[in-house]
Amino acid sequence: MKKLSITLILCAMTITSFAQTFGFGPKAGVNLSNYQGGNIQTEAKAGYHFGGMLNFGFGNVFSIQPEVLFSTLGAKVESSGSEADFKINYLTVPVMLKFRTRSGFYLEAGPQAGFRLSESVPDQTIDHFAKNLDISLGAGLGYQTNIGLGIGVRYVAGLSKVGDFSSQEINPDFKNSVIQGSLFWVIPIVKE
């Protein structure tokens, strides 16, 4: 974790030295998450996310936006005719490349790392339901005003399996699948 922190700080310093604009701000919204793959029977579960972001602009169109978000994911899992909420809290770190038009609409895409903070799993026979690290790819679109207020929708598809257990009944090879709706404010600090 110490090496990761040092690497992230060095990357941020390098990006800042080349950026023409810079801003930061809060971000919050709702998650609609589910599990894809494996043989697990699930339904989507509502959650939330909140945190902060940095925005490094290069010209009038492109920017790199790293974020740090507390995010609740999981699903409603069906087992033996009943349904139970499986909830995992992550600290997610998406790094999005944004393409923004002059009218304020934008497209974004990039990788995301999720670090498991805690889990609430009703099945007491599973000690560790989820792995400590979740790797994903995200893509989204939205609108951002000239003063930095914005709204966006993002889909995050898991690349690594969530399950960290062995079971005769459930194949742990399922992945996170999340739709996020967010409100944010990029407060400009350095302008062109």
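A cavity is defined, on a 1 Å grid over the protein atoms alone, as a set of points where a 1.4 Å probe fits but cannot get out, whereas a pocket is an open set with protein on both sides within 12 Å along at least five of seven lines; lining residues have an atom within 4 Å of a point. Grid points are joined across faces, edges and corners, and a volume is the space filled by probe spheres set on the points. The model is predicted, with local features requiring pLDDT of at least 70 and side-chain atom pairs pLDDT 80 or more, while totals for chains, interfaces and linings use all residues. Residues are numbered from 1 along each chain as its sequence is written, and side-chain values use heavy atoms, without hydrogens and water.

Two cavities of 30 Å³ or more were found. The largest cavity encloses about 70 Å³, and its lining consists of K27, Q65, Y106, E108, G152, V153, R154, Q180, S182 and F184. Strand 6 (105-120), strand 8 (149-158) and strand 9 (175-185) each give two or more residues to this lining, strands being DSSP runs (E, at least two residues) numbered from the N terminus.

The second largest cavity holds about 30 Å³ and is lined by S71, L73, T92, Q112, V156, V178 and Q180. Strand 4 (62-79) and strand 9 give two or more residues each to the lining of this second cavity.

The largest pocket has a volume of about 590 Å³. Its lining comprises 24 residues, with T21, G59, N60, R100 and Q144 nearest the pocket centre. Strand 1 supplies the largest share of that lining, three residues.

Note on methods
Helix = DSSP H or I, 4+ residues; strand = E, 2+ residues; numbered from the N terminus.
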